[in-house]
Amino acid sequence: DFSLDDIYRCLTQVVTFKDRLQMHLHRQMKSKFGRSTELVYYDVTNYYFEIDGEDELRRRGPSKEHKPNPIVQMGLLLDYQGLPLAYHLFPGNESEKPSLNPLLSRLKEDYSLGRLVVVADKGLNCGDNIAYQVAQGNGYIYSQSIRGADEEFKRYVLEQKGYRPNGENSKCKSRLYPREITFTNAMGKKEKIRIDQKQVVFYSQD
């Protein structure tokens, strides 16, 4: 016999063991429903608080709802069925790009995960994230903005050669391309490496 307000009030206690609780739920999902973690999806959102001042976590940043209030960022990892696997929170004024690798490092160890294929939007497409996935032996599928790409990639996209039909009013093409990326090494310095990246381009007349 408890109310929704009682649940809200107990959240300050739940947060003290949230990682163990997520692990428990994951083990239950794995044993009872055969959950697979070979393919995971990750994205970041944020939510605002109707407060005037900031604190260590609730900071002003680019709100998804275009609010001026302090926000908190939440990174959420889903399994291939779209069910939550784990989450973590970070301050609202931090970029979402560095949020992925620390979470994956913890999960890979705690959850005994095998090879992962990380699927994410262009907000997480950066040299550090790509280099990390390659170093860990993971796969990745990141979307890429054509407008924000280099000139060589733009030429490849606009060149009509190589496209093949892909359903009604759409087409696609792909290539294996030796791409040079810049990442931050263990010493905190910028370094360049070359990777063979498969690039897939889709065009829709719509």
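This is a short chat about the two largest pockets in a predicted model.

Trainee: Hi! What volume does the largest pocket have?

Mentor: Hello! In this predicted model, the largest pocket comes to about 660 Å³. It is lined by 25 residues, and those closest to its centre are Tyr 142, Gln 144, Gln 197, Lys 198 and Gln 199.

Trainee: Nice. Which helices and strands each supply at least two residues of that lining?

Mentor: Two helices do, H4 (127–136) and H5 (151–158), along with strands S5 (139–142), S7 (170–184) and S8 (190–204).

Trainee: And which of them gives the most?

Mentor: That would be S8, with eight residues in the lining of the largest pocket.

Trainee: How does that lining split by class?

Mentor: You'll find 13 nonpolar residues there, plus six polar and six charged ones.

Trainee: OK, switching over. How much space lies in the second largest pocket?

Mentor: About 410 Å³. Its lining has 14 residues, with Leu 11, Val 15, Tyr 47, Tyr 87 and Leu 89 closest to the centre.

Trainee: Which elements give two or more residues to this one?

Mentor: Helix H1 (4–14), strand S2 (71–79) and strand S3 (84–91). H1 has the largest share of the second pocket's lining, at three residues.

Trainee: Last thing: how many nonpolar, polar and charged residues line the second largest pocket?

Mentor: Ten are nonpolar, one is polar and three are charged.

Trainee: Great, thanks!

Notes. Residues numbered from 1 in each chain as written. Predicted model: local features only at pLDDT ≥ 70, side-chain atom pairs only at ≥ 80, totals over all residues. Heavy atoms only, no water. 1 Å grid on protein atoms, 1.4 Å probe; cavity = no way out; pocket = protein on both sides within 12 Å on 5 of 7 lines; lining within 4 Å. Points joined across faces, edges and corners; volume = space filled by probe spheres on them. Helix = DSSP H or I, 4+ residues; strand = E, 2+ residues; numbered from the N terminus. Nonpolar A, V, L, I, M, F, W, Y, C, P; charged D, E, K, R; others polar.
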